[in-house]
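User: Can you walk me through the pockets and cavities in this one?
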Amino acid sequence: MKQTICNVFPSADAYILPFASPAKRHISLGKELDDAIDLALERHFQAGAGEVKALMVPVAGKLIQLVFSGFGEMPLMPRKLYLNAAKAFRMCKDAGAECVAVALDNLPALCEDADLFETVGRLPLLVNYANTGRKNNPKVKAFREVCFVSEHTGLNDRMQAAIDCAEGTVIARTLCNQPASFQTPHSLAEDAAKLGAECGFSTEILEQPQIEALGMDSFLSVARGAKNTPPALIVMRYLQGGDAPVVGYVGKGLVYDSGGYSLKSNANMKNMFDDMGGAAAVIGAMSAIARQKLPVNIIGVVAACENKLSYDSYVPGDIIGSMAGKSIEVTNTDAEGRLTLADAITYAIRKEGCDVIVDIATLTGAAKAAVGKYSSAVISNDDALYTALQKAAYSSSEKVWRLDADEEMQSCLNSAVADIKNASGATTDGGGCILGGLFLQEFVEKKRWIHIDMAGVNFRAEPPAFTTTGATGYGAALLFYLARELPQYLKT
């Protein structure tokens, strides 16, 4: 798909017109279309927040689609723009429009505010994405060209940032939508290496003997049951920040999770190829960061494996080690993501010298219960770091909600036979999302740290307009914008 900025309206199949309230036309598409627009504004469209309407107009023997997108009263926030403008693009796509023009100057704020411009600039790629799986000859409607029309200048760099960021999200979706019959820990590693070569970050893949030599027993215990798909430790390095702090992006990489001997139900298991959403977000973000050549130092770490059943699988009651030297009592083999992340975090700190840790994972079903299906749940030990994440969430339109790292809850992870246990009783103690974060906090070695539990926002059976059925790609844009924000916040 071609995405451009132009200062005159092209001949298009559809035109998207954004409006603030009260609705007024500030641009001209030619007399026939202008008359249709003015009549619609007079009788049918008030530009209320979230109001989206489409009108088909015959012009020179061709039907032209006009899509009116309302945003209510100013000021306009990126999230509101993200949701409502996505509906407009979705209407165009569903109607079969191949060439779309967006009348940016009808709502000048879209060009004057960089966050708003990048938000709308990401949407064509996001809406255009189709998850066709392994269908033969799928029938897919798609944009061929989207032109953003404005007389404003100096927008090209922002447009390229929007495109690169959106492509990072598409990468995350594509990786996360691969079923376990096609994706293994090593195929994920190979995909990361290909993207690194293409985008500009280096990749190192550590095999099982190297992982064993590092003492990553917690990671290896989870991987033990998948005899035919050995684990891989994927390390991605992008070091263009000079002497700035090194930030570790650590993503959960369970390419399939059956729950192990704490077996999930079939209904809860069939989509568990998506349990590497955190890894996908990190890989997508690394691609966007490198393409944009951001002046930062980012190390991406993914402990990739499968959690499956075999005669040799780890079981509840096991006591396992970890790279950090802590012993762990396994009380639930379906609380496996934190076990892989614990060793990945230790690796990032001790072997890669990371000063800051940002982990992202589909960690707990309790996250959705805690904060709903539109936000990730966040725990952090650093207020300035969380402020940077809030700004990234504002720019990316990917919502976050901070939970308290309640010290009193830490006692729920106490073990009589090990340094810590990996899970507590959900029905007796509650707070499963917080406990997952508290477990990981035991391995961050007092580094500045943020934990992002994205379990509730990673996958959609009934998707909003900006995505499609399957993986949302959540986190790739969030981590990209976090990397842009971090230099100023890490000074505090």
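Analyst: Terms first. On a 1 Å grid over the protein atoms alone, a pocket is an open set of points with protein on both sides within 12 Å along at least five of seven lines; a cavity is a set where a 1.4 Å probe fits but cannot get out; lining residues have an atom within 4 Å of a point. Helices (H or I, at least four residues) and strands (E, at least two) are DSSP runs, numbered from the N terminus. This is a predicted model: local features need pLDDT of at least 70, side-chain atom pairs count only at pLDDT 80 or more, and totals for chains, interfaces and linings use all residues. Residues are numbered from 1 along each chain as its sequence is written, and side-chain values use heavy atoms, without hydrogens and water.

User: What gives the largest share to the lining of the second largest pocket?
Analyst: H2, with 3 residues.

User: Which residues are closest to its centre?
Analyst: Lys373, Tyr374, Arg460, Pro464 and Phe466, out of 23 lining residues.

User: And what volume has the largest pocket?
Analyst: About 1000 Å³, as the space filled by probe spheres set on grid points joined across faces, edges and corners. Its lining has 36 residues, with Lys264, Thr364, Gly365, Ala366 and Ala455 nearest the centre.

User: Now cavities. How many of 30 Å³ or more?
Analyst: The search of the whole structure finds 1. Its volume is about 60 Å³.

User: What gives the most to that lining?
Analyst: H2 again, with 4 residues. Among the lining residues are Ile16, Phe71, Leu81 and Val120.
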